[in-house]
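Here's a quick briefing to read with the structure open next to you. We'll go topic by topic, so feel free to click along.

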Amino acid sequence: MLKTKAKSRLPEDFHDLVDPEQATVDRSIFSDEEIYKLELERIFARGWNFMCHESQIPKPGDFFLSFIGDDSVIATRDKTGKLQVFLNTCRHRGNAVCRAEQGHTKSFLCTYHGWTYGLDGKLIGVPGYKDFYHEDLDRSQWGLVAAPHVESYKGFVFACMDPDAPNLNEFLGPVGRIGLDLIAERGRIVPIDGIKKNIIGCNWKLAVDNAFDYYHAPLTHASTIMVRNPRVDKEGNALPPRANSSANDHRVMLGSYGHAISGPKVSETERSLAALLPDHKIEPRVDLAWRDKPETLEAMGPAGIEINSHPNIFPNMWVTESSQVALRIPRGPRSTEVWWFSFVDADLSDERQKAYVEHSNFLHGPSGMNEQEDGENWDQSTRGTASILAKNFPLNYAMNRDRGEVKFDNAGVAYIDTHVNEHAQLWMYMCWADWMTAPDWSSLKQRHESPPTDRF
Ligand code: FES
Ligand code: FE
């Protein structure tokens with residue numbers, strides 16, 4: 001178990017910063033330097049982190065650079081084809097041993113003095129081993145640092161640096177698995193080449209928070225919506241977007257360890273639109289046919305199958321209804337690097353695959369309309385949590401608090417159908433406090449044994 005010690009300035013119990021009764025969250029968690037450092041230790045270094053899709057490293061020697069918190073890591077396959085994840089740092093002076101973002105290699109050569117590591121992480125080459133080290137260096141002790149746990153769920157590769165962590169399946173639980181099934185169950189899915197990367201001046205949690213936020217869309221994304229789905233009155237004048245908030249059209253699912261899903265269900269409008277559109281016109285959000293397979297229903301369950309919205313796999317892996325994954329990678333308390341992986345079903349026609357790419361480029365990444373609109377708000381919100389006067393006033397997460405009945409589907413998965421709400425955000429921060437306070441995995445597991453709804 002990675003042992004950590006809270007600094008004295010920090011609260012003993014981070015639940016003091018998240019008040020479920022008042023539905024408030026202390027602003028310090030979005031900009032405090034010490035809290036940020038502890039998040040890297042207690043959340044990212046102890047949890048499961050998404051690396052890449054298996055199809056991005058199909059053969060021995062293929063590699064993909066990713067992150068665990070602020071640590072650069074190499075996801076690769078050794079000669080036997082086994083998935084491995086290593087810290088991307090030479091054991092000699094710490095230089096990065098891999099600079100390319102993705103590729104194929106026989107070994108990892110450190111370009112500083114030339115120590116060389118095999119695909120299994122072993123130190124296999126040391127210049128001057130005989131003359132300078134007098135064959136006295138125990139090379140078996142100086143290999144790359146390997147993640148003790150590397151597993152994949154339906155092709156999504158995750159790594160965890162804490163030996164005491166539960167396995168990936170247990171960590172994901174039903175809500176995490178449904179979140180990934182939203183992409184994995186679509187067919188023979190593969191990522192489109194090229195990951196879109198963009199740095200935004202915000203705290204990573206505010207970007208995650210937005211995953212569940214359907215309150216902001218009609219205003220923040222008014223321009224995008226008016227371009228993409230224009231509404232006009234009888235005279236042909238442009239109308240503003242409609243707020244979508246009718247009772248029970250939103251579904252919330254709260255999972256263990258902070259996973260959650262929140263947003264609109266598949267609507268009748270989407271179903272009828274999908275039925276009317278010619279095949280090549282179907283755009284990602286109304287691409288619903290894959291849900292009709294019995295295996296998909298079995299995988300996602302009756303409550304999950306109706307989800308057409310945004311899961312977050314705690315801490316920072318956001319999944320969209322249109323087959324994309326966004327990582328919110330921490331780059332400091334007030335900086336986040338956003339990565340977009342866009343997936344398509346390889347068996348779709350070229351035209352349909354193109355529609356997915358266009359959709360992704362239109363909305364996400366440095367040139368995406370939604371990302372520009374969201375990013376500016378997250379940047380300003382983060383500033384508003386750091387200034388001397390403003391930081392004393394907590395943020396409000398009370399929307400639709402205590403409304404909506406908790407139900408269970410026949411697979412035992414809890415869900416709430418209600419209006420637009422902030423349940424998932426508040427749940428995520430309650431779980432954040434659990435991670436930040438728990439001294440080890442056994443206490444975190446204990447806290448998350450009972451259904452989340454007991455505490456909500
Ligand atoms: Fe890698 Fe010296 S830092 S060989
Ligand atoms: Fe948005």
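First, a word on the labels: helices and strands here are DSSP runs numbered from the N terminus, with at least four residues for a helix (H or I) and at least two for a strand (E). With that numbering, Asp 164 is found in the loop between β12 and α2. Keep in mind that this is a predicted model.

**Asp 164, a warm-up**
- Asp 164 has a relative accessible area of 35%, so this residue goes down as partly exposed.
- Between Asp 164 and Ala 147 there are 12 Å in space, C-alpha to C-alpha, for a separation of 17 residues in sequence.

**The iron site**
- Which residues hold the iron ion (ligand 2)? The coordinating atoms come from His 216 (NE2), His 221 (NE2) and Asp 374, which shows up twice with an OD atom, and the distances run from 2.0 to 2.3 Å.
- Along the chain, the donors of the iron ion (ligand 2) are spaced as H-x4-H-x152-D.
- His 221 and Asp 374 bring distant parts of the chain together, being 153 residues apart. His 221 sits in the loop between α4 (217–220) and α5 (222–228), while Asp 374 belongs to helix α9 (residues 369–383).
- Why is the arrangement around the iron ion (ligand 2) irregular? Because the four donor atoms subtend angles of 57 to 144°, whereas a tetrahedral call needs all angles between 85 and 135 degrees.
- Buried or exposed: what are His 221 and Asp 374? His 221 counts as buried because its relative accessibility is 5%, and Asp 374 counts as buried at 8%. The cut-off for buried is under 20% relative accessible area.

**Salt bridges**
- How many salt bridges does a search of the whole structure find? The search turns up 19 of them.
- Lys 154 and Glu 185 pair up through their side chains at 2.7 Å, N to O. These two are 31 residues apart and connect distant parts of the chain: Lys 154 is in the loop between β11 (149–153) and β12 (156–160), and Glu 185 is in the loop between α2 (168–184) and β13 (189–191).
- The two ends of that pair get different labels: Lys 154 is partly exposed with a relative accessible area of 38%, but Glu 185 is buried at 12% relative accessibility.
- Arg 251 and Asp 417 also form a salt bridge, with their side chains 2.8 Å apart, N to O. Arg 251 is in strand β17 (residues 250–254) and Asp 417 is in strand β25 (residues 414–418), so this pair ties together parts that lie 166 residues apart in sequence.
- Both Arg 251 and Asp 417 are buried.
- Arg 251 and Asp 417 are also part of a salt-bridge network that takes in Lys 265 and Glu 306.
- Arg 331 and Glu 337 meet in a salt bridge at 3.1 Å, N to O. Arg 331 is partly exposed at 26% relative accessibility, while Glu 337 is buried with a relative accessible area of 13%.

**The second largest pocket**
- The second largest pocket offers about 500 Å³ of space.
- Of its 19 lining residues, Leu 206, Asp 209, Asp 213, Ser 381 and Tyr 397 are the closest to the centre of the second largest pocket.
- Which elements give two or more residues to this lining? They are α3 (204–209), α9 and β23 (395–396), and α9 gives the most, with four residues.
- By class, the lining of the second largest pocket has nine polar, five nonpolar and five charged residues.

**Cavities**
- Three cavities of 30 Å³ or more are found in the structure, and the largest cavity has a volume of about 50 Å³.
- The lining of the largest cavity includes Phe 44, Phe 50, Phe 67, Asn 316 and Pro 330.
- β3 (48–53), β4 (62–68) and β21 (324–330) each provide at least two residues of that lining. β21 gives the most to the largest cavity, with three residues.
- What classes of residue line the largest cavity? Seven are nonpolar, three are polar and none is charged.

Technical notes: Residues numbered from 1 in each chain as written. Chains lettered and ligands numbered in written order. Predicted model: local features only at pLDDT ≥ 70, side-chain atom pairs only at ≥ 80, totals over all residues. Heavy atoms only, no water. Donors = N, O, S within 2.8 Å, 3.2 Å for Na, K, Ca; no water. Tetrahedral: all angles 85-135°; square planar, octahedral: opposite > 155°, others 65-115°. Buried < 20%, exposed > 50% of the residue type's maximum accessible area, 1.4 Å probe, protein only. 1 Å grid on protein atoms, 1.4 Å probe; cavity = no way out; pocket = protein on both sides within 12 Å on 5 of 7 lines; lining within 4 Å. Points joined across faces, edges and corners; volume = space filled by probe spheres on them. Nonpolar A, V, L, I, M, F, W, Y, C, P; charged D, E, K, R; others polar. Salt bridge = Lys/Arg side-chain N within 4 Å of Asp/Glu carboxyl O.
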